[in-house]
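Open the model in your viewer and keep the selection panel at hand. The stops below go from single helix pairs to a sheet and then to the whole chain.

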Amino acid sequence: MGNSQKNQFVCPMNCEAEKMYDKPGNCPVCHMHLVANDEQNKHQNHNHSDVHSTHKEEAQDPKQDKYYCTMLCESDRTYAEPGDCPVCGMHLKKLNAKQKDNKIYTCSMHPEVKQDKPGSCPKCGMALIPEKPQETSEDEKTYRKMLMKFWIAVVFSIPVFFIAMSELIPFLHLEAVASKKVWNWIQFALATPVVFYSGGVFFKRGWSSVRRWSPNMWTLISIGVGAAYLFSVFALLFPAVFPAQFKDINGNVHLYFEAAAVILALVLLGQVLELKAHGKTNSAMKALLNLVPPVARLIRDGKEEEIPLEQVKVGDVLRVKPGEKIPVDGVITEGNATIDESMITGEPMPVDKSETDKVTGGTINGKTVFEISAEKVGDDTLLARIIEMVNQASRSRAPIQKLADLVAKYFVQIIIAISLITFGVWAIWGPQPALVYAFVNAVSVLIIACPCALGLATPMSIMVGTGRGAQSGILVKNARAIEEMNKVDILIIDKTGTITEGKPSLKEYKTLGNLSDEEILKLAASIDSNSEHPLAEAIVKGAKTKNIELEKLDDFESVTGKGVQAIYKGKKIGLGNQRLLEDFKALLDEDKTKLVKGWQLSGQTVMFLMLENKVEGIVSVADKIKDTSAKAIQAIQKMGVKVHMLTGDNEYTAKAVSAVLNLDGFKADCLPDDKYNEIKELQNQGHVVAMAGDGINDAPALAQANIGIAMGTGTDIAMQSAEITLVKGDLNGIARAKELSNEVMKNIKQNLIFAFVYNVLGVPIAAGLLYPVFGILLSPMIAATAMSFSSVSVIANALRLRRK
């Protein structure tokens, strides 16, 4: 076994799970160098068994030099000795304190690529961007640097262009000033800075793509421009070796310095426009970052002092003055406020707040002064979580991206093959000078092809869409959620807190036995005082407003989906729904049943109070339907989505709510398992199901649904189980999320269609397909213009989502 393992090789990136190869070479997926299986096992064992000793060594000698991989293959892992990364094979770099704090840069098209400094993506050659957008964006520095290179290229390219085209411009008589050979040397002098300084980065990207066996757009540009420039240099130095068809009547070889310079200038223009547009795609993120105030007003020993926001701790009392941004999430302890929450919830109307009300960091105070107690600070605030969620979603990949990736994988190889075929066809069957036509058309094919537009089609739309969603109070966990939401045909919603306010109030209470009405409420509130359920809180609050003193009960127990039970004066007491009534084996006569049904049909939730096996009384609470629910459900249904309600409430209350809202279906008396199983059943029937909920009991169903939607007013567990979170917990957010998904997916499809059509039409035209019929040929410079603007067009189309 040992020998066979030594003869087998694996990919260090584990691209194809545990697949092994018999021969050394490169991984067919990522093209990284395969390593011997025993080396990989040794490395993996080292990861697991030596991790504690590694940390121990670091703790013993913090001054010892450490080394790390710039690709962060193993996250923050450091190595004690210099060498190569055991995963990706890249040279390890020395770590210092400053490097540890550096930003991480990633690729918008390949989010798995990460490094600690700006540069180019090793897979596609695109300029890397900061993984987390900064208030003073690194994009701006990259943009200005590229802009400077562009203007230098323009300054040198324009005279080269006019020198090369002087014979076609009647008023230019350059040969009267100097010979054509002299002007050719001037073209060389002017074009060389453009090629090596302004366009040098493109050749580095092209070489990197070839070295890594990951051909991309820069491979094509490097070959095309490099061929034009090297051909011209060689022709300038050794004109005698060229056949007559490459020369004019005076024996001068026609040069292509102007093609190389102008093509690079146009590619630079495309990059400048792309970087500028890319900065706009992050505008939503930057707007969110700008909501955070730099300081907070801390109240300490009755005195006010300004402290940096980073120093605020949970429990600190902070003062907020008129017009200021609230620094952290907290609860108002003194004063009243009217707060603008539009930047968080997307709702334009200011919200009135008073003592004990919660406030959100980043929202804007109106015209009052109030104090808050900090509850969540730093990365725990809602705003920080929004920023992190949007950032992760914008870097994730939608399933539809796989199509573009599959095409791009073989695209460059196909284009190079078409370029070679073009050269051969024109050289054999083309008109004279055949070799000149062959060369120019082959270069045009290389230049016009743009895999970049295909690669950008999905991530740009996702980035803009998730940012726009955040501004409307829609937080998307990943790109898959956007694509899947577009396919949803059934929406499952809970009643309490989703359709209704989630703040039920005591409605009625009545004895059905020997106790008085007040005693029924007293016992109901006493047993519910140990429960955290919203209905229980409503009953307890109602009893307290009537100044009813509560009893102390023993052995309290919450019965999931049924109610609560305890021991009262040695007797078993319970308060709950029909299911708990059945557990107690208690019965209702016909008159009492009619009374209960009457309350339920009016939309009240009725609970039975049992002592042993006898029903002593009933208590009801009512939860008002949100003002926004009816309109939102109607909007969702107009988008072709059926809305079903699954509730733990009774049949009659559920039926009343369903009738008011004109729902497509409902099920009552649902336990958490029932909601979960109902979603599975709908999925088995071929439906794509979205589930909206806000409680811990909704977490299993949220996780099972194709798309889980958490109402932001709900629990953290619900938000963790969901893929979409609505900051403002109402159904209007679901309608907006569905509309956002539809718009983003439409935008992605438009981008992909444009990119496919552009390349399908552009490449044959560049190859000269129209020449036999219409006599049309595409010069490399026009091809470069088309290539540059294809990427810009894709980004511009994605930016339209900001106006939705």
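In which hand, left or right, does α22 cross α27? The crossing is left-handed. The model is a predicted one, and this is the place to begin in it.

**Stop 1: α22 and α27**

Select residues 629-638 for helix α22 and residues 732-767 for helix α27. The two helices pack with their axes 8 Å apart and at an angle of about 25 degrees. Angles under 35 degrees count as roughly parallel, so α22 is described as roughly parallel to α27.

Next, show side chains at the contact. From α22, pick Ala-632, Ala-635 and Ile-636; they meet Asn-732, Ile-734 and Ala-735 of α27. Sorted by class, this contact holds five nonpolar residues and one polar residue, with no charged ones.

**Stop 2: α21 and α23**

Move to residues 590-601, which form helix α21, and add residues 651-661, which form helix α23. Here the axes lie 7 Å apart, and the packing angle is about 30 degrees. The pair is therefore also put down as roughly parallel. Look along the pair to check the hand: α21 and α23 make a right-handed crossing.

For the residues in contact, select Lys-597, Gln-600 and Leu-601 on the α21 side, and Tyr-652, Thr-653 and Ala-656 on the α23 side. Colouring the contact of α21 with α23 by class gives three nonpolar, two polar and one charged residues.

**Stop 3: an open sheet**

Now turn to the strands. Which order do the six strands of the open sheet follow? Reading across, the order is β9-β8-β10-β16-β11-β14, with antiparallel pairing. Select 303-308 for β9 and 358-359 for β14 to mark the edges. Each of these has a single partner strand, so one side of each lacks a neighbour in the sheet.

Within the sheet, highlight β10, residues 317-320, together with β16, residues 370-376. These strands run antiparallel and are joined by four bridges. To see one facing pair, label Leu-318 and, opposite Leu-318 in β16, Ile-372.

**Stop 4: the whole protein**

Clear the selection and show everything. The protein has 29 helices and 29 strands. What percentage of its 804 residues is buried? Colouring by burial would mark 50% of them as buried. If you draw contacts between residues at least 6 apart in sequence, 66% of these contacts join residues at least 24 apart.

How values were computed: Residues are numbered from 1 along each chain as its sequence is written. This is a predicted model: local features need pLDDT of at least 70, side-chain atom pairs count only at pLDDT 80 or more; totals for chains, interfaces and linings use all residues. Side-chain values use heavy atoms; hydrogens and water are left out. Axes are lines fitted to C-alpha atoms, for helices over the stretch in contact, and angles run from 0 to 180 degrees between N-to-C directions. Angles under 35 degrees count as roughly parallel, over 145 as roughly antiparallel, 65 to 115 as roughly perpendicular and the rest as oblique. A crossing is left-handed if the near helix is turned anticlockwise from the far one by less than a right angle, and right-handed if clockwise. Contact means heavy atoms within 4.5 Å. Ala, Val, Leu, Ile, Met, Phe, Trp, Tyr, Cys and Pro count as nonpolar, Asp, Glu, Lys and Arg as charged, and the others, Gly among them, as polar. Two strands pair if DSSP finds at least two bridges between them. Buried means under 20% relative accessible area, exposed over 50%, partly exposed in between (1.4 Å probe, protein chains only).
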